[in-house]
Amino acid sequence: MVRPTIPYGRQSIDSSDINSIIKVLKSNWLTQGSKVGEFEKDFAKFVGAKYAVGVSSGISALVSACFAAGIGKGDEVITTPYTFCATANSFVWFGANPVFVDIEANTLNIDVSKIEAVITKKTKAIITVDFAGLPCNYSEILKIAKKYNLIVIEDAAHALGSKFDEKMVGNICDMTCFSFHPVKIITTGEGGMITCNDEKYFGKLMRFRNHGISKDKRDLSKYDGDWYYEMLDLGLNFRLTDIQAALGVSQLKKISVFIDRRREIVEIYNNAFLNLPVKTPSEGKKDFAAWHLYPVRLELNRLKADRKKIFDELRKKRLGVQVHYIPVHLQPFYMKTFGLAEGDFPVAEKAYAAEISLPLFPSMTNVEIEYVVKIFKDVINRFRK
Ligand SMILES: *Cc1c(COP(=O)(O)O)cnc(C)c1O
């Protein structure tokens with residue numbers, strides 16, 4: 001029998017998830033029913049935010065947040081190059097220019113000590129990413145944002161359930177964006193959410209996902225009848241369906257079980273790899289990480305093989321390892337459009353050259369975990385200098 005590949009991440013779906021979807025399918029409302037509001041209410045409560053707005057994906061959440069923040073042509077937005085390209089794509093869509101700041105080698109998050117030097121009169125916002133679920137240093141970031149009057153949008157696609165200094169991610173920055181893609185902490189198939197505490201952002205976000213339309217009487221210039229609405233903003237259809245929201249409600253009920261298991265697996269890996277020539281992820285004193293990914297970095301000077309060779313050997317053994325991330329400034333679109341080049345962000349580039357993400361998801365069995373440990377140790381030891 002051929003052993004199936006163990007993916008780097010995957011959803012955990014049980015019969016309660018399936019039943020909650022079936023209920024919606026049998027109901028009158030597949031979209032624009034009551035499930036979206038229910039999911040938003042539960043979600044806002046979970047992260048401790050006043051408002052939550054469900055949308056169709058993580059990138060829709062980011063694009064909506066950029067819209068609500070008023071990011072426009074010629075604005076500069078500070079962000080990390082060590083992320084999925086969607087983080088930067090979100091504001092580039094509005095004609096804003098990326099100002100990448102290199103990462104900190106230890107956490108792989110934006111290097112806070114390098115932010116102030118790149119702030120100009122055009123700087124509008126900082127978009128942070130909590131890489132692998134490890135929160136950025138928000139006490140410093142929020143201090144800088146306050147000093148220069150910048151909006152902070154947190155791309156927390158990896159970090160649902162993470163905390164910084166006891167504060168839940170989702171209730172730290174001006175707006176926080178989440179993704180419910182199947183590899184993320186909880187899933188709705190595709191889906192996303194923005195949380196915030198400011199009513200002005202909330203109104204913008206609600207309209208933007210629904211063609212810019214409002215039916216809220218407080219927003220309308222007049223009221224002609226029950227059919228009446230006004231289009232106040234240039235919006236899109238970024239709505240989450242009730243089918244997805246029902247899955248979200250059901251998934252969110254299990255989030256602490258998911259996160260406990262993720263953290264347990266990370267600890268097993270970290271202990272197992274202590275004596276290997278690799279750097280494993282770890283939390284600082286103020287961090288609580290939900291651990292979306294398990295990123296290891298190879299100590300290439302202590303190995304006879306490069307990352308590609310080791311990656312290929314792991315794949316041959318049916319570990320569905322992945323690499324996170326090709327730095328955004330090295331993507332052809334960014335090099336061409338913004339004149340970025342190799343060498344611009346050396347810490348991110350060095351991290352990329354050494355990174356491999358091992359399988360990590362809550363429904364991994366102990367047998368699978370042991371198999372990953374064994375194969376990874378075998379392969380690394382085989383190429384040890
Ligand atoms: C997954 C992810 C996104 C995009 O989410 P989608 O739901 O796939 O659109 C954005 N940023 C980061 C850091 C991600 O990991």
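Here is a short conversation about the ligand site and the largest pocket of this predicted model.

Reader: What makes the pair between Asp155 and the ligand a polar contact?

Author: A polar side-chain atom of Asp155 lies 2.7 Å from a nitrogen atom of the ligand. A polar contact is a pair of N or O atoms within 3.5 Å, so this pair qualifies.

Reader: Thanks! And how do you know that the backbone of Gly58 and Ile59 takes part?

Author: For Gly58, a polar backbone atom is 2.7 Å from an oxygen atom of the ligand. For Ile59, a backbone N or O atom lies 2.9 Å from a ligand oxygen. Both values fall within the 3.5 Å limit, so each pair counts as a polar contact.

Reader: How much of the ligand's accessible area does the protein cover?

Author: The protein covers 90% of the 380 Å² that the ligand has on its own.

Reader: Which helices supply the shell, and what kinds of residues are in it?

Author: Helix H3 (58-68) and helix H4 (86-92) each give at least two residues, and H3 has the largest share, with 3. By class, the shell around the ligand holds 6 nonpolar, 6 polar and 2 charged residues.

Reader: Now the largest pocket: what is its volume, and which residues are closest to its centre?

Author: The volume is about 540 Å³. Of its 22 lining residues, Phe202, Met206, Arg207, Arg209 and Asn210 are the closest to the centre.

Reader: Why are Arg207 and Arg209 called charged?

Author: Arg is one of the residue types that count as charged, so both belong to that class. The lining of the largest pocket has 10 charged residues, with 7 polar and 5 nonpolar.

Note on methods. Residues numbered from 1 in each chain as written. Predicted model: local features only at pLDDT ≥ 70, side-chain atom pairs only at ≥ 80, totals over all residues. Heavy atoms only, no water. Polar contact = N/O pair within 3.5 Å; in protein donor to acceptor, adjacent residues only side chain to side chain. Areas by Shrake-Rupley, 256 points an atom, 1.4 Å probe, with all protein chains shown as cover. Helix = DSSP H or I, 4+ residues; strand = E, 2+ residues; numbered from the N terminus. 1 Å grid on protein atoms, 1.4 Å probe; cavity = no way out; pocket = protein on both sides within 12 Å on 5 of 7 lines; lining within 4 Å. Points joined across faces, edges and corners; volume = space filled by probe spheres on them.
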